[in-house]
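Colleague: Could you take me through one part of this model in detail, the loop residue with the unusual backbone angle, and then carry on to whatever else is worth a look?

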Amino acid sequence: MPDIVVIGAGQAGSSLVARLRKDGHVGRITLIGEESAPPYQRPPLSKAYLLGDLELERLYLRPYHFYGDIDVDLRLGRRVDAIDRAAQVVRMGGETLHYDALVLTTGSTPRRLPAAIGGALEGVHVVRDLADVDAMEPRFVQGAKVLIVGGGYIGLEAAAVAAKKGLSVTLVEMSDRILQRVAAPETSDFFRALHTEHGVDIREGVGLDRLLGEGHVTGARLSDGSELAADFVIVGVGIAPGTALAEAAGLDIDNGIAVDALGRTSDPAIWAAGDCASFPYNGGRLRLESVPNAIDMAECVACNLMGAGTEYVPQPWFWSDQYDVKLQIAGLNIGYDRVVTRPSAGAHSASFWYYSGDTLLAVDAMNDPRAYMVGKRLIEAGKSPSAEAVSDSATELKSLLA
């Protein structure tokens, strides 16, 4: 059986090696990660873990001994310097490791503010890995002033934690509205009202001119000329796919490491999965940044390494927790031209249904798990209920599945 090396010990890498063993691969498997911790969940970092409601060990996807139990050589705290495609080896310091098949599950990296505008000052944080959150957690003390740059889900989740801990929170978003890149105005309005209710100062259509301070950040000057004090800053302005190793090795890059429908890169011996990879979708290419995609795509690649020949077809879903609200998203809203509101009975509860013409594309459900589950099943089945039926509170959700 071939020797398989996996670079990137996150959700995708962990899922892939587990699936390989489950499906009967008996060759050598090596899983390499830069961090010292075994593979762990990232979504709780900016929520339950930062709040102190989740202990470190509960973040781990599987106990440390799991990898030894299934005979996976887990190499932690190791950085791969290069991939030698001709020799089919990866180089780590003075060590070389041979592969018959190589899988890149290198994830993504947070975008940082340029040093020229204060991005390198002490007290400026991003939210991506365990070290990031451990570094900022001591600053979450009641009464501290935090500036959050970016009104996407990461920024809003951090704002929710800070507000719940009694900090003074200001969030700036240079676009016209929060969540503009990923959600409809209705969803933006819902979360703007939610955060305002909890005392967060949201400033939309306002960018960051520069951070202020000597050595340590002390405040910020905004694009409208206003200045504000800050004890620390959290930057949530998006992530970039982890393509550095692939680029250096000469693999095709197209909004991430370009793979075919099976998950294979432009080198037939190298595969990729998760945040770092883009795949064929509806005549174009798509890259998804989500836990479900990392798991499903990695497991599909594992099956294909075993000869299955199965094309990856995503079934996208996402979630976000903010205060007492659980947002669940089914589908992809790319190309929507109208949004239908479904009335909900509970507090802080609603659902927004995205349509392109008469075709249902996606559902945003806030504290409405039934709307989420029905919407997800409809989208996966290719069914589109009428907008009139969805918007009518007298319509039983379950009847839409008929």
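Modeller: Happy to. In this predicted model, Q88 is partly exposed, with 25% relative accessible area. The residue sits in the loop that links β4 (82-84) to β5 (89-92). Its phi is positive, about 50°, even though Q88 is not a glycine. N255 also has a positive phi of about 50° without being a glycine. You will find N255 in the loop between α8 (244-248) and β18 (257-258), and its relative accessibility of 43% makes N255 partly exposed too.

From these loops, let us turn to the interior. In soluble globular proteins, nonpolar side chains tend to be buried together. Here the largest nonpolar core has 100 residues, and L16, I83, V90 and L104 are those with the most contacts inside it. Helix α6 (residues 153-164) supplies the largest share of this core, eight residues. A separate core of 17 residues lies apart from it, and includes L121, V149, V217 and L228. If you would like one residue to zoom in on, try L104: leaving aside residues up to four places away in sequence, L104 touches I7, I83, A246, L251, I257, I270, W271, A272, A273 and C276.

Another core residue, L16, leads us to a pair of helices. Helix α1 (residues 11-22) packs against helix α9 (residues 291-305) at an angle of about 35°, and their axes are 8 Å apart. The crossing of α1 past α9 is right-handed. On the α1 side, Q11, A12, S15, L16, R19 and L20 make the contact, while α9 brings V291, A294, I295, A298, E299, V301, A302, C303 and L305. Sorted by class, this contact of α1 with α9 has 11 nonpolar, two polar and two charged residues.

C303 in that list may make you wonder about cysteine pairing. A disulfide is a covalent bond between the sulfur atoms of two cysteines. The structure holds zero disulfides. For C300, the closest cysteine sulfur is that of C303, and at 6.5 Å the two are too far apart for a bond, because a disulfide here requires sulfur atoms within 2.5 Å. C303 is likewise in no disulfide, with the sulfur of C300 as its nearest at 6.5 Å. C300 is buried, with a relative accessible area of 10%, and C303 counts as buried as well, at 16%.

Note on methods. Residues numbered from 1 in each chain as written. Predicted model: local features only at pLDDT ≥ 70, side-chain atom pairs only at ≥ 80, totals over all residues. Heavy atoms only, no water. Helix = DSSP H or I, 4+ residues; strand = E, 2+ residues; numbered from the N terminus. Buried < 20%, exposed > 50% of the residue type's maximum accessible area, 1.4 Å probe, protein only. Core = buried A, V, L, I, M, F, W, Y, C linked by side-chain atoms within 4.5 Å. Contact = heavy atoms within 4.5 Å. Axes fitted to C-alpha atoms, helices over the stretch in contact; angles between N-to-C directions. Left-handed = near helix turned anticlockwise from the far one by under 90°. Nonpolar A, V, L, I, M, F, W, Y, C, P; charged D, E, K, R; others polar.
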